[in-house]
Amino acid sequence: MIKVLHLSDIHLGSGLSQGKINPETGINTRLEDFIKSLTQCIDRAINTPADLVLFGGDAFPDATPPPYVQDAFASQFRRLADANIPTVLLVGNHDRHSQGNGGASLCIYRALAVPRFIVGDNIHTHRITTGNGDIQVITLPWLNRSTLLTRPETKGLSLEEVNAKLIDRLQPIIENEIRNLDSSIPTILLAHVMADKAKLGAERLLAVGTGFTIPVSLLARPELEYVALGHIHKHQNLNKYNNPPVVYPGSIERVDFSEEKEDKGYVWVELEKGTVNWDFCPLNVRNFRTIEVDVTEKDNPQDEILKAISKKNIQDAVVRLIYKLRSEQVELIEVASIHDALKNAHSYTIRPETITQKSRSRLPELGVNNTLDPIEALKTYLDNRKDLKDISEEMLQTAQYLLNGDESDLDMEEDLDKDIETKEQDSDPKQLSLLQKMES
Ligand SMILES: [Mn+2]
């Protein structure tokens, strides 16, 4: 059996605002957390050992990480090179540079010719010799529409039509790779994609089926022993029949609060031609805790907030406290003792939300006789959808883009792509499905 360690979405250098400087090392504690998780993965690969390591993409929050973050990543992967373990580094959306003709942060490993390292920045089948036999790895990096389609081809098309065209273009390319496989040895497809049927971490935007996605049927081919995915931070297998397994290992650390309730880890795979076993291996990562309390109807809001805090185990966790209060209650809150109650957390943020009498009214003024401009209407709608709160600002921005849209949808979308590249979190699928929503 060939033993494979499959990990993805390292996002080293993310979430630094949730950490603090470690006085002993001078390094942000959240960066240390991410390095610790990565170290556990590499330790496993070396100690067991693995015959092959597959990284599913998104090494850093963007393509130009600061040198000390690059160095931390390189120091860990260097250990695989030292141990002579073949390693494939796939290029994710966060690894691609948005300017010029791209290039990716990971290409440095090819330029330096790191022994036994392969950088997957195009669609290609790599034949790799391991201690337990040969294996084929088809790399499918993150594709944006400009990789496969020209601008005139997409002019005037809706996002759904562009998506369909992209899949039409991709299908024969994958078909061709599969046709040329050596059928006597096992094969893994390593892809950084948004697959349909996948659940996003927060599960509040399940409309991914209509987004910019790749059908699972295109990936789950019987010629493959295993499909190793990257991109979505929540661990999941998209093919319960396991013929082949189509697996997101998820991110190795919590990148933001949307991952609060998810287990984090990597996947250990053992396979030979026609047979595969795989296991999700959880990593010991830092807890996140959201404490949300509504004190608008309470006589003693301060006590209620402290009570809510005491109910949660916040020791060493990244904590966010969100409390709703009426404007006339503000003077009843003693902030210093709230800080004191949170002092055992690793870090915390406090977000008071003041509710005014007016916005507490049950329904906003969206009656038939009212004429609101679209942005005002959307604002009113969003004010009443607290489940969309995290993304309401993005939705408003997106709406503004759409309303201002002069040339074509695509121009606007590219602006958004750029925007996304610079963000810490993996918010692009969200953004794309938002675009769809706004369009329909
Ligand atoms: Mn990604």
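Tutor: Let's start with vocabulary: helices (H or I, at least four residues) and strands (E, at least two) are DSSP runs, numbered from the N terminus. By that count, this protein has 14 helices and 15 strands. The model is a predicted one, where local features need pLDDT of at least 70 and side-chain atom pairs count only at pLDDT 80 or more, while totals for chains, interfaces and linings use all residues. Residue numbers run from 1 along each chain as its sequence is written.

Student: What does helix α1 lie across, and at what angle does it run to β1?

Tutor: Helix α1 covers residues 29-47 and lies across β1 (2-7), β2 and β11 (265-272). Its direction makes about 175 degrees with β1. Such angles run from 0 to 180 degrees between N-to-C directions, with axes fitted as lines to C-alpha atoms, for helices over the stretch in contact. Angles under 35 degrees count as roughly parallel, over 145 as roughly antiparallel, 65 to 115 as roughly perpendicular and the rest as oblique. At about 175 degrees, α1 is therefore roughly antiparallel to β1.

Student: What makes α1 and α2 roughly parallel?

Tutor: Helix α2 is residues 67-82, and the two helices pack at about 10 degrees with axes 9 Å apart. That angle is what makes α1 roughly parallel to α2.

Student: Which residues of α1 and α2 meet?

Tutor: From α1, they include L31, I35, L38 and I42, and from α2, V69, A72 and L80 are among them. A contact means C-beta atoms, placed from the backbone, within 7 Å.

Student: What is the strand order in the sheet that holds β1?

Tutor: The order is β4-β3-β2-β1-β11-β12, an open sheet of six strands with mixed pairing. Two strands pair if DSSP finds at least two bridges between them. Going from one strand to the next, the twist averages 20 degrees.

Student: What makes β4 and β12 the edge strands?

Tutor: β4 (117-120) and β12 (275-282) each pair on one side only.

Student: How do you know that β2 and β3 pair?

Tutor: Look at the bridges: β2 (residues 52-55) and β3 (residues 87-90) share three, in the parallel sense. Three meets the minimum of two, so they count as paired. In that pairing, V53 sits opposite T87 of β3.

Student: What is the order of the other sheet, β5 included?

Tutor: That one runs β5-β6-β7-β8-β10-β9, again an open, mixed sheet of six strands. Its edges are β5 (124-130) and β9 (236-237). Inside it, β6 (residues 133-140) and β7 (residues 187-192) are parallel over five bridges, and L140 has A191 in β7 as its bridge partner.

Student: Why is A113 called exposed?

Tutor: Count the other C-beta atoms within 10 Å of a residue's own, placed from the backbone: 20 or more is buried, 12 or fewer is exposed, and in between is partly exposed. A113 has 7, so it's exposed. You'll find A113 in the loop between α3 (108-111) and β4.

Student: And why is N242 called partly exposed?

Tutor: N242 has 14 such neighbours, so it falls in the middle class. Its home is the loop between β9 and β10.

Student: What is special about the phi of A113?

Tutor: Most residues other than glycine have a negative phi, and most peptide bonds are trans. A113 has a positive phi, near 50 degrees, and N242 has a positive one too, near 60 degrees.

Student: Which kind of peptide bond links T48 to P49?

Tutor: A cis one, with omega near -10 degrees; P49 lies in the loop between α1 and β2. The bond joining N243 and P244 is cis as well, with omega about 10 degrees.

Student: How do you know that the length of helix α12 agrees with its residue count?

Tutor: The expected span is 1.5 Å times one less than the number of residues. The 16 residues of α12 (389-404) should therefore span 22 Å, and the end C-alpha atoms are 23 Å apart, which agrees. The buried residues of this helix are I391, M395 and T398.

Student: What makes I350 partly exposed?

Tutor: I350 has 15 C-beta neighbours inside 10 Å, so partly exposed it is. It belongs to strand β15 (residues 347-355). Leaving out residues up to four places away in sequence, I350 touches L321 and I338.

How values were computed
Contact = placed C-beta atoms within 7 Å.
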